[in-house]
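Student: I have a new model open in the viewer. Can we go through how to read it, feature by feature?
Tutor: Yes. Have the sequence and the model side by side.

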Amino acid sequence: MHPNVRTTNRQNGVRLIADTNAVTGNFASVEVLDATTKFHTLTGNQTGLANVTSGSAYAFPAGTSIEGTFTEIKLHAGAVLAYLK
């Protein structure tokens, strides 16, 4: 698959996550909306993108899209759109 082809057609729905509550579901893509977005938990087929400690968590820039399979998303800060599979 070409690296710029999304794994979802983004027609199955989207969930805005803009707080620090854990959100579970079956997500295919996460789009970062806020430049200070830090993931507490990003459970799925990706590794190294989240950190349970806010101070050492990487801040993702706005506009970043992370493709994969995700079942739980929890933020330290920021906002994302999580696209359903």
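Student: How many helices and how many strands does the secondary structure of the chain come to?
Tutor: The count is 0 helices and 6 strands. Along the sequence this reads β-β-β-β-β-β. Keep in mind that this is a predicted model.

Student: What does the chain average in pLDDT?
Tutor: The average is 87, and 89% of the residues score at least 70. Residues 1-6 are another matter: there the pLDDT is below 50. Beyond near neighbours in sequence, that stretch has 3 contacts in the model.

Student: Now the sheet. What is the general idea of strand pairing?
Tutor: Strands of a sheet pair through backbone hydrogen bonds, and the pairing is either parallel or antiparallel. In this structure there is an open sheet of 6 strands with antiparallel pairing. The order across the sheet is 1-6-2-5-3-4.

Student: Which strands stand at the edges?
Tutor: Strand 1 and strand 4. Each has a single partner strand, so one side of each has no neighbour in the sheet.

Student: Which strand does strand 4 pair with, and over how many bridges?
Tutor: Strand 4 pairs with strand 3 in the antiparallel sense, over 2 bridges. To find the register, look at Thr-37: its bridge partner in strand 4 is Phe-60.

Student: And strand 1 (residues 14-17): over how many bridges does it pair with strand 6?
Tutor: Over 4 bridges, in the antiparallel sense. One register mark is Arg-15, whose bridge partner in strand 6 is Ala-82. Strand 6 also pairs with strand 2, antiparallel again, over 5 bridges. There, Val-32 has Val-80 as its bridge partner in strand 6.

Student: Why is strand 6 (residues 80-84) described as largely enclosed by the rest of the structure?
Tutor: Because 4 of its 5 residues are buried. For the chain of 85 residues, 33% count as buried.

Student: What does the accessible surface of the chain come to?
Tutor: About 4,700 Å². Carbon and sulfur atoms hold 50% of that surface.

Student: Let us take single residues. Where is the place of Glu-31?
Tutor: Glu-31 lies in strand 2 (residues 23-32).

Student: Is Glu-31 buried or exposed?
Tutor: Glu-31 has a relative accessible area of 18%. The cut-off for buried is under 20%. Glu-31 is therefore buried.

Student: Which side chain does the side chain of Glu-31 make a polar contact with?
Tutor: That of Tyr-83, at 3.2 Å. Leaving aside neighbours within four places in sequence, Glu-31 is also in contact with other residues, including Arg-10, Thr-64, Ser-65 and Leu-81.

Student: Now compare a second glutamate. Where is Glu-72 found?
Tutor: In strand 5 (residues 65-77). Glu-72 is partly exposed, with a relative accessible area of 25%.

Student: How many residues apart in sequence are Glu-72 and Val-23?
Tutor: They are 49 residues apart in sequence, but 5.6 Å apart in space, C-alpha to C-alpha. Not counting residues up to four places away, Glu-72 touches Ala-22, Val-23, Thr-24, Thr-41, Leu-42 and Thr-43. For the chain, take contacts with a separation of 6 or more: residues 24 or more positions apart account for 76% of them.

Student: On to the rings. What describes a pair of aromatic rings?
Tutor: The distance of the centres and the angle of the planes. This structure holds 2 aromatic pairs. In one, the rings of Phe-39 and Phe-60 have their centres 5.3 Å apart. Their planes are at 80°, so the pair is edge-to-face.

Student: Which parts of the chain does the pair link?
Tutor: Distant ones: Phe-39 is in strand 3 (residues 37-44) and Phe-60 is in strand 4 (residues 59-60), 21 residues apart. Both rings belong to buried residues: Phe-39 has a relative accessible area of 1%, and Phe-60 has 8%.

Student: What does Tyr-58 form with Phe-60?
Tutor: An edge-to-face aromatic pair, 5.0 Å centre to centre, with 85° between the planes.

Student: Is Tyr-58 buried or exposed?
Tutor: Tyr-58 is exposed, at 54% relative accessible area. Phe-39, Tyr-58 and Phe-60 form one aromatic cluster.

How values were computed
Residues numbered from 1 in each chain as written. Heavy atoms only, no water. Buried < 20%, exposed > 50% of the residue type's maximum accessible area, 1.4 Å probe, protein only. Polar contact = N/O pair within 3.5 Å; in protein donor to acceptor, adjacent residues only side chain to side chain. Contact = heavy atoms within 4.5 Å. Phe/Tyr/Trp six-rings, centres within 6.5 Å; stacked < 30°, edge-to-face > 60°. pLDDT = per-residue confidence, 0-100. Areas by Shrake-Rupley, 256 points an atom, 1.4 Å probe, with all protein chains shown as cover. Pairing = 2+ DSSP bridges.
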